[in-house]
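Please examine the structure shown below alongside its sequence. The paragraphs that follow lead from a pair of strand contacts to the overall architecture and then to the interior.

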Amino acid sequence: MRYRFLFCFLLIISTLCAQNQTGYPVYPNPMNIPMSLSATFGELRNNAFHAGVDIKTGGEIGKKVYAVADGYVSRIGVSPYGYGNVVYVTHNDGYMSVYAHLDSFNSKIGKYVKAKQLASKSFKQNLFLEKDEIPVKCGDFLGLSGNSGGSGGPHLHYELRDANQRPMNPYLFGFKVNDKIKPIINGIALYPKELSSVNGSDSDAYFKLNNNNGSYYVENGNIKVNGTVYFGISACDQADGSSNKNGVYSIELFADNRLIFSILFDKYSYDETRYVNSLIDYKKFVNDKIRYVRSEIDEYNILDLYGEQSGSVTLKEGDEVEMKYVVKDFWGNTSTVNFTLVGDKPLEEYSDNQYSRSYYRVDGKNEVEVGLDGFTAKIPKKAFYKFEYVLARQLDTIPNIASDYAYVLGTEDIPVQKNIEIKIRPAEKFAKSDKLYVVCVAKDGKFSSIGGKLVDGQVVANVRKLGTYALAIDDKAPEVTPQNFKNNSKIIKCKRLKIKIKDTGVGIDKYDIYLNGKWVVGAYDAKNDLLFYDVDEYLKLGNNKMEVVVTDAVGNKRHCIYNIIRENPKK
């Protein structure tokens, strides 16, 4: 209670001091610990922008998390993936705060969730609440920080959204960290368009930079250009006392002091988040794991983060253009890159892009159906961000598959926005099997499960990346291995029973624990292959029959029975 009063008092003071500067309400921090971040808003991630800030918790779970404003719990999520245990609070001012990867909820929320889990016999929950069910005051304890869901380590993911559910930069709402460090610029890129060149080549060009206290310049001097070029930049930011390389707040590009490209990471829509793959140089990322923000905007890119969008410069022999990148963090720390483009003479020969009949022309304006022996793919309108040529061919060199061939659909360096439906016919000897599933075959030959369903003699699945696909058979039940108990174990002070569950094929679909015939909550930690049961009133004194039933996505089932003896703890 004392913390809550202090919390809200600080809110009032900070609001009076800062609200006029941002135009948004100013909230206190959601935790009573020093604020240090492992990730910032808008950071470029795999297939998404980071929707909030990740607050470090010293590598520990169990730090208290508090509501930042009055309102009510409007949604609660429980999942082995994504946000894990998460609470959404809708504020009286119309905004929403999100607290993700929690280890546990407060007692009221926890009881509410457990009742729903028992009623539905499901660990996973996505609950929407009415305004009067769980009201919240500023400073109320919501739960303990953790590492649940898809978290890569203990932290609190803290997120703010507007009334339209658009994630917004928490810095706009008074969230603050100590940061006097200028952004780091790793490199720039130039992308020549058709019949254009950079330094005597019509290939994409990447340039290392030298740094003089945040003023960067190209290592090899001037850059020769003929024709039209677009640009790219790789940059990150750091805060005081942190080694984490986070996202920047804004990027601007000038040509002879004229702004030709800008982007500001202050808010976006979840409908836009996958367009991060169009923003970046996706091919460079796939090949080298480095993200360059491109100044070229693809035809079907709907991102609203952009400001100025022209993004290109055209030079002929004898021209000269002074270029400048300006990169800032939210606190005004600024780094720049200056470089000069010098007009070059045209090339005598350019790369000849000839596409054989194995390529399909996909312009985004119409659905395209790809057809091979035993394979079809339906590519919807605007599945890609621009016009693409997509390779499609059969491979007979992949071992241990259940289809006649493996099928190449495009290359993995072409980003995909919409689901592509693929259908694969099983080889004749597997045609009657109910254990078929689709796999993506990596360059090293390893399989990753895509899943799928058998429909009219073909296995159907949706994919959102291009690559090599085939069918495989999974006829093995998942593995179930108790970790801290065994059959006839005596339970005295143990508060959590842990079970390793793993499937090497299609993947785990269901996991259930029964005590004396009654379903109880078994929490699944997918990233660690752990199923655990927190000891509660359903584990009675004396002998208990525990059944663990784990089923994979094609129906293979493992059913294990253990006798668990619960004894009174010694006094």
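Two strands are said to pair if DSSP finds at least two bridges between them. In this predicted model, that definition can be applied to strand β11, which covers residues 141-145. Strand β8, residues 96-105, runs antiparallel to β11 and is joined to it by 3 bridges. Within this pairing, L102 stands opposite S145 of β11.

Strand β11 also pairs with strand β5, residues 64-66, again in the antiparallel sense and over 3 bridges. Here K64 has L144 of β11 as its bridge partner. The neighbouring positions L144 and S145 thus serve as reference points when following β11 in the display: L144 is matched with K64, and S145 is matched with L102.

At the level of the whole protein, the secondary structure consists of 4 helices and 45 strands. The C-alpha trace spans about 90 × 75 × 40 Å along its principal axes. Among contacts with a separation of 6 or more, 69% involve residues 24 or more positions apart.

Of the 571 residues, 51% count as buried. The accessible surface amounts to about 27,800 Å², and carbon and sulfur atoms contribute 46% of that area.

The interior contains 1 cavity of 30 Å³ or more. The largest cavity encloses about 150 Å³ of space. Its lining comprises 18 residues, with T40, Y171, D237, G247 and D329 lying nearest the centre. By class, the lining residues are 10 nonpolar, 5 polar and 3 charged.

Notes
Residues are numbered from 1 along each chain as its sequence is written. This is a predicted model: local features need pLDDT of at least 70, side-chain atom pairs count only at pLDDT 80 or more; totals for chains, interfaces and linings use all residues. Side-chain values use heavy atoms; hydrogens and water are left out. On a 1 Å grid over the protein atoms alone, a cavity is a set of points where a 1.4 Å probe fits but cannot get out, and a pocket is an open set with protein on both sides within 12 Å along at least five of seven lines; lining residues have an atom within 4 Å of a point. Grid points are joined across faces, edges and corners, and a volume is the space filled by probe spheres set on the points. Ala, Val, Leu, Ile, Met, Phe, Trp, Tyr, Cys and Pro count as nonpolar, Asp, Glu, Lys and Arg as charged, and the others, Gly among them, as polar. Helices (H or I, at least four residues) and strands (E, at least two) are DSSP runs, numbered from the N terminus. Buried means under 20% relative accessible area, exposed over 50%, partly exposed in between (1.4 Å probe, protein chains only). Contact means heavy atoms within 4.5 Å. Accessible areas come from the Shrake-Rupley method with a 1.4 Å probe; for residues, only the protein chains shown count as cover.
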